[in-house]
Amino acid sequence: MRRMNKKFVTALALTAAMSVSMVSGAFAAAGHANVAAVGTASSNSFYGVSYQSSYSLGQTHSQIAVLKNNLRAWRAYGSNESLFTGVAPITSTNGTFDQATKDNLIVFQRNKGLTADGIYGAASRNAMHGAIGSSPRGYVRIKNTTHYTNYNDTATGLSNDGTYKLDHSFVTASTKTTLDQIAASFYGTYAKKLEINDASLIDGADTPEHSSHQDGKSVDIRNYGMTAAQEKKLLEIAVANPNVSQVLFYTKHGLTSSKIVVRSDHADHFHLSTVN
Ligand SMILES: [Zn+2]
């Protein structure tokens with residue numbers, strides 16, 4: 001019942017946000033903030049919206065107008081214009097995916113190392129979140145570093161989230177710092193990158209599959225391919241960090257820290273919570 005109430009409140013808040021955005025000209029799409037939103041039947045039903053799973057040449061949709069705005073903003077950013085030699089700018093602001101939209105999107109996709117097919121889907125959305133996403137809560141996006149990979153951006157991560165196609169990659173600035181510290185320490189011992197999975201959505205919206213991750217202070221770290229010794233080491237590093245408040249995992253591996261909470265449903269990831 002609690003869940004139903006929460007969903008209802010989210011939908012109401014969203015409707016209010018959307019009517020405001022129409023007046024101000026800003027965009028606020030569930031789980032996407034200022035970035036063009038993608039969705040599935042499941043996520044659309046949850047948020048009461050009608051996003052497509054992808055957008056391509058010839059289609060018309062309100063989110064295509066957002067995409068065109070995003071692409072124009074990215075092209076104008078820094079020295080990005082130099083990447084667009086011979087590519088006509090997007091001049092229209094309507095919701096039709098025209099040739100200029102496709103050509104500009106291809107430049108963006110190529111720059112981000114994505115399949116440059118001119119079709120905007122979840123992978124392009126994640127990259128756009130990383131490039132120009134503006135979190136209304138001040139969250140920052142987890143990007144790949146030399147010490148960890150954002151699993152949400154991998155082919156496997158993207159296909160595993162086929163049901164909802166959301167981008168769970170946002171955390172508070174201090175959680176990001178904590179993550180950087182933990183990953184650097186772990187890498188220093190094992191020269192192995194951590195795989196960071198579900199954090200929060202850009203706007204901290206409730207999610208259908210992961211409602212405990214809304215505050216930007218929760219991160220899942222996959223233990224796929226880790227030895228027991230590596231799992232134990234990561235637990236040791238995490239609980240020694242003063243900003244870590246709790247780690248949910250299926251075993252303590254003999255450690256005594258009260259920060260570790262044994263949870264049998266956390267056999268495939270560490271759920272890390274931070275104070276700030
Ligand atoms: Zn979790």
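Start with helix H8, whose buried residues are Gln230, Glu231, Leu234, Leu235, Ile237, Ala238 and Val239. Keep in mind that this is a predicted model. H8 covers residues 228-240, and a mix of elements sits over its buried residues: the cover includes helix H7 (173-190) along with strands S4 (194-196), S5 (218-222), S6 (244-249), S7 (260-262) and S8 (269-274).

How do H7 and H8 pack against each other? Their axes are 10 Å apart, at an angle of about 145 degrees, and the crossing is right-handed. On the H7 side the contacts come from Ile182, Ser185, Phe186, Thr189 and Tyr190. On the H8 side they come from Ala229, Gln230, Lys233, Leu234, Ile237 and Ala238. Gln230, Leu234, Ile237 and Ala238 also turn up among the buried residues of H8.

Now for the other helix worth a look, H4, which runs over residues 99-111. Here is how H4 and H8 compare with the span expected at 1.5 Å a residue.

| Helix | Residues | Expected span | End-to-end C-alpha distance |
|---|---|---|---|
| H4 | 13 residues | 18 Å | 19 Å |
| H8 | 13 residues | 18 Å | 18 Å |

The H4 distance agrees with the expected one, and H8 comes out close to its own.

In H4, the buried set is Ala100, Thr101, Asn104, Leu105, Ile106, Val107, Phe108 and Gln109. These residues pack against helix H3 (62-76) and helix H5 (122-132). Just after H4, Gly113 takes a positive phi of about 75 degrees.

Gln109 deserves its own paragraph. With a relative accessible area of 1%, Gln109 is well under the 20% cut-off, so it counts as buried. What does its side chain reach? The answer is the backbone nitrogen of Asp117, at 3.1 Å. Setting aside neighbours within four places in sequence, Gln109 is in contact with Leu114, Thr115, Ala116, Asp117, Gly118, Ile119 and Ser124.

Last stop, the metal. Which protein residues supply donors to the zinc ion? They are His213 through NE2, Asp220 through OD and His271 through ND1, all lying 2.0 to 2.3 Å from the zinc ion. Along the sequence these donor residues follow the spacing H-x6-D-x50-H.

Are His213 and Asp220 buried or exposed? His213 has a relative accessible area of 0%, so it is buried. Asp220 is buried too, at 3%.

Note on methods. Residues are numbered from 1 along each chain as its sequence is written. This is a predicted model: local features need pLDDT of at least 70, side-chain atom pairs count only at pLDDT 80 or more; totals for chains, interfaces and linings use all residues. Side-chain values use heavy atoms; hydrogens and water are left out. Donors are N, O and S atoms within 2.8 Å of the metal (3.2 Å for Na, K and Ca); water is not among the atoms, so sites may look incomplete. Buried means under 20% relative accessible area, exposed over 50%, partly exposed in between (1.4 Å probe, protein chains only). Helices (H or I, at least four residues) and strands (E, at least two) are DSSP runs, numbered from the N terminus. The expected span of a helix is 1.5 Å times one less than its number of residues. Contact means heavy atoms within 4.5 Å. A polar contact is a pair of N or O atoms within 3.5 Å; within protein, one must be able to donate a hydrogen and the other to accept it, and residues adjacent in sequence count only if both atoms are side-chain atoms. Axes are lines fitted to C-alpha atoms, for helices over the stretch in contact, and angles run from 0 to 180 degrees between N-to-C directions. A crossing is left-handed if the near helix is turned anticlockwise from the far one by less than a right angle, and right-handed if clockwise.
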